[in-house]
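This briefing introduces selected features of one protein structure to a reader new to the subject. Please keep the sequence and the model in view while reading.

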Amino acid sequence: MAKIIDGKEIAAQIKQEVKQQVEDYKKEGITVCLAVIQVGEDPASCVYVRNKKRTCEDLGIKSLSYELEEETSEEKLLALIDELNEREDVDGILVQLPLPSHISEKKVIEAINPKKDVDGFHPMNAGALACGEEGFLPGTPAGVIEILKRSGVEIDGKECVVVGRSNIVGKPMAQLLLKENGTVTIAHSHSRNLPEITKRADILVVAVGKPKMITKEYVKPGAVVIDVGIHRNENNKLCGDVDFSDVSEIAGAITPVPGGVGPMTIAMLMKNCLESKRLSKKQAD
Ligand code: NDP
């Protein structure tokens, strides 16, 4: 049976580290602040936004909340982002996605000052990652790297396969594994004979968006399997892109859903807010 990697516990460690640093800043009279913007009332977005605000509160990070109506114009949203870009007291700006269809996500992401882009979605930050330069990393793939490192999984020289090539998970995931000296393969919906590719992996990261698609036929015995997917099954229970009970019979280690990658995303977002403060403070000093 596979070792179950406890993402919740690792996320708790990271949040504790952030909390400590936030407290230290407070002693110097410095407050870390995240602005969270939500447009409309998509139920999943409401849950995510609530969790982000609650985590800010738990860690002593100030959160500014902007809950805009579904009909809000793109112009109005861009004007708010401009205002927050200018505010010295705001360290991070997060616009919860997806946005209503009349608003261009691309324009909105590009409007955020890259120095406050704590989601790491701005092309400047994506480009920095691609060039191996410093920048904000998207929370989910950065969280996967933390999970691997803090679980003692060595990446250097390992065969790593990422299933999925989205801009927010798959692509940055592959680049981060490459940065850690993994030998990286990216698979996607046009890949032929997927099990043959995934079975090469010592570390298999699945971000395919298909419930329980990855069964043990896709996995090399002893591999480390990281499941990024989040879905609700027919009984309204959370499940991932990996068939957990099947794959855990042969994997060396595996992340569960819930309690695996999910909690890491918010923890890494909080870390990015802190990093934004550190960088702006360094510039001011
Ligand atoms: P996308 O739908 O944007 O991307 C899915 C990727 O999987 C695409 O690159 C697609 O290929 C590929 N794909 C689809 N079907 C197949 C297939 N049959 N074989 C091989 N590849 C395939 O999803 P995201 O990257 O945004 O998210 C992936 C999953 O992770 C989702 O379940 C999402 O809910 C979850 N998620 C979890 C987060 C967390 O905090 N834990 C955060 C973000 C996402 P192609 O490019 O060719 O279409």
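A strand is a DSSP run of E with at least two residues, and strands are numbered from the N terminus. One such element is strand β6, which covers residues 183–187 and contains T185. The model described here is predicted. The points below treat the ligand, the salt bridges, two polar contacts, a surface patch and some features of the backbone.

**The ligand and its surroundings**

- The ligand is surrounded by 24 residues, of which R165, S166, S189, K210 and T265 come nearest.
- This shell consists of 10 nonpolar, 11 polar and three charged residues.
- H188 places a backbone N or O atom 3.4 Å from a nitrogen atom of the ligand.
- V208 has a polar backbone atom at 3.5 Å from an oxygen atom of the ligand.
- H231 takes part through its side chain, a polar atom of which lies 3.5 Å from an oxygen atom of the ligand.
- On its own the ligand would expose 930 Å², and the protein buries 70% of that area.

**Salt bridges**

- The whole structure contains 16 salt bridges.
- One of them joins D91 and K277, with the closest N and O atoms 3.2 Å apart. This pair connects distant parts of the chain, since the two residues are 186 residues apart: D91 belongs to the loop between α3 (74–86) and β4, whereas K277 belongs to helix α10 (residues 262–284).
- Are D91 and K277 buried or exposed? D91 is buried because its relative accessible area is 2%, under the limit of 20%. K277 is also buried, with a relative accessible area of 10%.
- A salt bridge also links the side chains of E146 and R150, at 2.7 Å from N to O. Both residues lie in helix α6 (residues 139–150), and because they are four residues apart, about one helical turn separates them.
- The partners in this pair fall into two classes of accessibility: E146 is buried at 15% relative accessible area, while R150 is partly exposed at 30%.
- D285 and K281 form another salt bridge, in which the closest N and O atoms are 3.7 Å apart. D285 counts as exposed, with a relative accessibility of 72%, whereas K281 counts as partly exposed, at 22%.
- Shared partners join the salt bridges of E17, E146, R150 and K271 into one network.

**Polar contacts between side chains**

- The side chains of T185 and R200 are joined by a polar contact of 3.4 Å. T185 counts as buried because its relative accessibility is 19%, which is under the cut-off of 20%.
- A polar contact of 2.7 Å joins the side chains of Q96 and K52. Q96 is placed in the loop between β4 (92–95) and α4 (105–111), and with a relative accessibility of 6% Q96 counts as buried.

**A nonpolar patch on the surface**

- Which residues form a nonpolar patch on the surface? They are Y48, I230 and L238, and together these residues have about 250 Å² of accessible area.
- Y48 belongs to helix α2 (residues 43–59). Y48 is partly exposed, with a relative accessible area of 38%.

**Features of the backbone**

- The peptide bond between L97 and P98 is cis, with omega at about 0°. P98 is located in the loop between β4 and α4.
- A cis peptide bond also leads from V257 to P258, where omega is near 0°. P258 is located in the loop between β11 (253–254) and α10.
- N181 has a phi near 70°, which is a positive value in a residue other than glycine. N181 lies in the loop between α7 (170–179) and β6 and counts as partly exposed, at 46% relative accessibility.
- N236 likewise has a positive phi, near 65°, and is a residue other than glycine. The loop between β9 (231–232) and β10 (238–239) holds N236, which counts as exposed at 53% relative accessibility.

Conventions
Residues numbered from 1 in each chain as written. Predicted model: local features only at pLDDT ≥ 70, side-chain atom pairs only at ≥ 80, totals over all residues. Heavy atoms only, no water. Patch = residues over 30% accessible without salt bridge, like charges linked within 9 Å, V, L, I, M, F, W, Y side chains within 5 Å. Areas by Shrake-Rupley, 256 points an atom, 1.4 Å probe, with all protein chains shown as cover. Salt bridge = Lys/Arg side-chain N within 4 Å of Asp/Glu carboxyl O. Buried < 20%, exposed > 50% of the residue type's maximum accessible area, 1.4 Å probe, protein only. Near = heavy atom within 4 Å. Polar contact = N/O pair within 3.5 Å; in protein donor to acceptor, adjacent residues only side chain to side chain. Nonpolar A, V, L, I, M, F, W, Y, C, P; charged D, E, K, R; others polar.
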